Amino acid sequence: MKTHLLLMSALLYATLASAVENAAAATPDRISVFKVPLVCPAAPQIGCGSASKPILLDLERQPGVLEAWLNRAGTIISVVWKPDSDAETRRNVTAELKEDHATELEGKSRDNAVKDFLSGKGWYRGADVDRLSEEEADIIAARLVRWVRAKTALTKEKSEGLQRAFAETLRKDLTGEYARLNQKPRRLGDIARDYLNEEQIKILKQAIKDEEAIENGERPVPNEG
């Protein structure tokens with residue numbers, strides 16, 4: 001366990017160090033910033049990893065693009081251009097981003113966004129947005145268990161076990177791990193049977209419907225502060 005934690009810490013440090021180094025190497029004239037609607041519906045304090053990941057990875061496959069980053073809030077994408085990228089290449093990429101409902105920032109808004117990006121803090125590149133998906137999974141899992149506990153007695157041990165099990169499955173689903181392994185995601189109702197009785201399962205099913213309504217924009221995220 002200790003070795004695993006050390007490895008995770010080393011990987012996180014390497015990712016953050018890479019962000020700082022790459023941001024420092026880029027100059028403002030090689031950076032374009034775009035306002036994007038990639039806030040996570042289920043966790044509006046962070047960006048949506050599953051929605052932004054394919055966009056970021058596709059951007060980095062485009063001619064002239066060196067790197068593509070999403071800010072933590074899910075509101076801005078920063079594109080770092082290769083030194084030899086020309087105006088036409090940049091226009092083509094910008095046009096594609098507009099198809100994803102992105103708007104290029106200009107003037108003071110651009111300057112502030114570029115300054116924030118160059119700080120190297122709170123930006124995620126490509127597959128790194130899986131970290132946001134993992135946060136989202138934890139938030140959803142905690143909310144589902146909280147809703148169940150609000151309507152039925154549940155021991156601390158069962159609550160914690162159920163939340164861990166939900167979070168693990170949701171992380172694998174949101175980060176695409178199940179898809180990579182060609183596996184079908186586990187149903188939350190099936191997982192819950194190890195922790196809940198039939199009456200509690202009914203409560204959970206309604207909680208899942210409520211959560212789906214949040215993610216579909218049909219109801220607001222509850223105040224969980």
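Author: Before we look at any strand, one definition is needed: a residue is called buried when its relative accessible area is under 20%, exposed when that area is over 50%, and partly exposed in between. Please also keep in mind that the structure shown above is a predicted model.

Reader: With that definition in hand, how many residues of β1 are buried?

Author: Four of the five residues of β1 are buried, and the strand is therefore described as mostly covered. For the protein chain as a whole, 41% of the 225 residues count as buried.

Reader: Which strands are joined to β1 by bridges?

Author: Strands are read as partners when at least two bridges are found between them, and β1 has such bridges to two strands that we can take in turn. Five bridges join β1 to strand β5, residues 76–81, and this pair runs antiparallel; within it, V33 stands opposite S78 of β5. Two bridges join β1 to strand β6, residues 103–104, again in an antiparallel arrangement, and here K35 has T103 as its bridge partner.

Reader: How many helices and strands does the protein chain have?

Author: The protein chain has nine helices and seven strands. To see how such elements are brought together, one can ask how far apart in sequence the contacting residues are: among contacts with a separation of 6 or more, 70% are between residues 24 or more positions apart.

Reader: What lies between α1 and β1, and where would I look for D29?

Author: There is a loop between α1 (2–25) and β1 (31–35), and D29 is found in that loop. At 54% relative accessibility, D29 counts as exposed, because the cut-off for that word is over 50%. The side chain of D29 is joined to that of T27 by a polar contact of 2.6 Å. D29 also shows how sequence and space can be read side by side, since D29 and P83 are 54 residues apart in sequence and 9.8 Å apart in space, C-alpha to C-alpha.

Reader: How many aromatic pairs are found in the whole structure, and which residues form them?

Author: To read a ring pair, look at the distance between the centres and then at the angle between the planes, where an angle over 60 degrees counts as edge-to-face. A search of the whole structure finds two aromatic pairs. In one of them, W69 and F117 lie 5.9 Å apart, centre to centre, with 65° between the planes, which makes the pair edge-to-face. Because W69 lies in strand β4 (residues 65–71) and F117 in helix α4 (residues 107–118), this pair ties together parts that are 48 residues apart in sequence. W69 is buried, with a relative accessible area of 3%, and F117 is buried as well, with a value of 2%. F117 also pairs with W123: the ring centres are 5.2 Å apart and the planes stand at 85°, so this pair too is edge-to-face. Both F117 and W123 are buried, and the ring pairs link W69, F117 and W123 into a cluster.

Reader: How many salt bridges are counted?

Author: The general idea is that side chains of opposite charge can pair when their charged atoms come close. The count here comes to 13 salt bridges. One of them joins K172 to E168, with the closest N and O atoms 3.5 Å apart; K172 and E168 are four residues apart in helix α6, so about one helical turn separates them. K172 is partly exposed at 26%, and E168 is also partly exposed, at 42%.

Reader: Is R61 buried or exposed, and which residue is its salt-bridge partner?

Author: R61 is exposed, with a relative accessible area of 60%, and it forms a salt bridge with D58, where the closest N and O atoms are 3.9 Å apart. D58 is partly exposed, at 30%. Salt bridges can also be linked to one another, and E60, E67 and R125 are linked in a network of this kind.

Reader: To finish, which residues is S159 in contact with, leaving aside its neighbours within four places in sequence?

Author: With those neighbours left aside, S159 is in contact with V145, R149 and L154. S159 has its place in helix α6, residues 156–174, and S159 is buried, with a relative accessible area of 5%.

Technical notes
Residues are numbered from 1 along each chain as its sequence is written. This is a predicted model: local features need pLDDT of at least 70, side-chain atom pairs count only at pLDDT 80 or more; totals for chains, interfaces and linings use all residues. Side-chain values use heavy atoms; hydrogens and water are left out. Rings of Phe, Tyr and Trp (its six-membered ring) pair if their centres lie within 6.5 Å; planes under 30 degrees apart count as stacked, over 60 as edge-to-face and the rest as tilted. Buried means under 20% relative accessible area, exposed over 50%, partly exposed in between (1.4 Å probe, protein chains only). Contact means heavy atoms within 4.5 Å. A salt bridge is a side-chain nitrogen of Lys or Arg within 4 Å of a carboxyl oxygen of Asp or Glu. A polar contact is a pair of N or O atoms within 3.5 Å; within protein, one must be able to donate a hydrogen and the other to accept it, and residues adjacent in sequence count only if both atoms are side-chain atoms.
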